[in-house]
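Welcome! Here are some friendly questions and answers about the terms used for this structure.

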Amino acid sequence: GSATHFQDCYNIRVQDNVFFQNNWPQNVTYEPSFRACADIAFNSILASGEAGGRLIATGNFHFGQMSAAIFFNGAAGDQGAIIVNNYIQPLDANGAPILTGMNNRHGIAVNYGSDAATRDTLVSVQNNIIRYVRWAGVYCQTADGQNTGAVVIDSNVIDHTGISDTETLGGGIRVATGTGAPIIISNNSITEHQSAVTGGITIQATYASASSGRVMIQGNAVTRSVGMGIELVQINTNIDIFDNQIIDSGQNDIRFYQSATQAESYRIRVMRNRIVRANATTYSVYVYGGVVNAYTVVIQDNWIVGNSKTTPTTAVNSAIYFSSTNSMGWFQIKGNHIEKFYRAITANGYFPAGRHANNIVIDGNDFLDCTYGIDFSAIANTATILVTNSTWNGVTNNFGTALLSGYPCLYEGVRNGALFNVNSAAAPTTGTWIDGDAWTCTAP
């Protein structure tokens with residue numbers, strides 16, 4: 001069981017305690033089972049029809065190995081929790097840090113199994129230090145299609161999470177969200193996340209009928225994650241990823257993942273992030289899979305620095321990578337600085353024949369020390385994609401079709417509304433053009 005357990009209670013404050021050497025048995029079969037094996041457990045029982053709410057947990061030291069140090073379950077009308085200024089780290093009987101083989105699962109677990117569709121549970125998790133946990137530092141989960149109310153996860157220092165490397169519920173911060181939950185993840189420091197299959201920050205729409213919504217991931221520092229830096233899994237909508245610093249990720253720095261059977265993901269903005277790669281063995285910003293026209297994405301004003309201009313020559317050494325042209329419903333790639341990749345921007349799919357006037361904008365990007373600036377292939381020589389206002393320094397090939405060896409489709413010039421003014425030494429002989437398009441000769 002739990003060290004302290006509050007069920008169907010109101011107005012609870014747990015403050016300035018030391019929890020030492022508490023260890024959950026991992027094989028419990030009684031209710032509320034492993035979910036509430038915590039130093040501080042606060043839950044309601046939905047079947048009872050009772051309610052509880054208003055928890056403050058602050059200033060506590062948690063030095064045990066419980067399933068979670070602090071557990072808050074908004075299952076039956078809980079109104080809110082403030083979890084601030086706590087220190088969480090497993091210690092042995094002599095007070096030495098436990099660095100491997102610990103039993104804990106999460107540092108802080110909130111809204112586990114919540115069905116708060118009409119109760120709008122509010123949660124604030126701020127200014128905690130969380131170190132050495134097997135799964136997630138902060139874990140927020142909601143039930144299928146439910147609205148949890150606002151969740152704010154801010155200014156936490158989280159170190160060495162995901163130590164159980166193969167556990168898919170890991171993460172520095174992991175939010176498995178229901179429809180419409182407004183979530184802010186800001187100003188956190190996440191270092192040394194150890195799992196290769198999860199991310200420093202993960203937003204996952206877990207349930208078939210649910211999608212994330214109104215999510216802001218801003219101002220976080222994710223450093224040396226063995227897995228992803230920031231990842232969005234399945235149906236994701238209304239996501240802003242702004243002003244984060246992602247350094248030395250082992251896998252993708254920012255990843256959108258959507259299976260071929262999932263519905264659309266849209267209104268995702270990735271802006272003003274600073275990314276430095278640790279290796280050249282996987283994509284930096286990775287847009288994966290999805291149905292036709294799945295993604296509506298803006299990737300703008302990011303600073304993305306790679307590891308090698310020359311090797312490897314495979315697609316993984318790309319700054320911005322689309323796994324399929326099916327997912328390119330509408331996107332803008334603008335104002336980015338991309339440095340030291342074999343391919344700066346590429347797509348592993350053929351663009352369809354015909355004119356692309358409105359749904360693809362590639363403008364104002366700065367390419368430095370890359371073998372290929374943009375590597376796109378088309379299914380036929382009638383595809384036309386305009387690239388505007390780029391700068392090229394140390395780029396061997398501004399445009400290419402090397403990945404798939406399809407037809408060229410990229411033209412450099414100026415966009416005038418729906419019209420293209422192409423700049424080149426020779427007039428285009430392929431592509432699709434309309435009345436009002438123009439060609440400017442650059443070598444008269």
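Q: Where is valine 18 found?
A: Valine 18 sits in strand β3, residues 18-23; strands (E, at least two residues) are DSSP runs, numbered from the N terminus. This is a predicted model, where local features need pLDDT of at least 70, side-chain atom pairs count only at pLDDT 80 or more, and totals for chains, interfaces and linings use all residues. Residues are numbered from 1 along each chain as its sequence is written, and side-chain values use heavy atoms, leaving out hydrogens and water.

Q: Why is valine 18 called exposed?
A: Exposed means over 50% relative accessible area, buried under 20%, and partly exposed in between (1.4 Å probe, protein chains only). Valine 18 has 57%, so the word exposed applies.

Q: What makes aspartate 243 and arginine 272 a salt bridge?
A: A salt bridge needs a side-chain nitrogen of Lys or Arg within 4 Å of a carboxyl oxygen of Asp or Glu. In this pair the closest N and O atoms are 2.9 Å apart, so the definition is met. Aspartate 243 lies in the loop between β23 and β24 and arginine 272 in the loop between β26 and β27, so the bridge ties together parts 29 residues apart in sequence.

Q: Why is aspartate 243 called partly exposed?
A: Its relative accessible area is 32%, which falls between the two cut-offs, so partly exposed is the right term. Arginine 272, at 39%, also counts as partly exposed.

Q: How do you know that aspartate 375 and arginine 343 form a salt bridge?
A: Their side chains meet at 2.6 Å, N to O, so they satisfy the cut-off. Both residues of this pair, aspartate 375 and arginine 343, are buried.

Terms used: Helix = DSSP H or I, 4+ residues; strand = E, 2+ residues; numbered from the N terminus.
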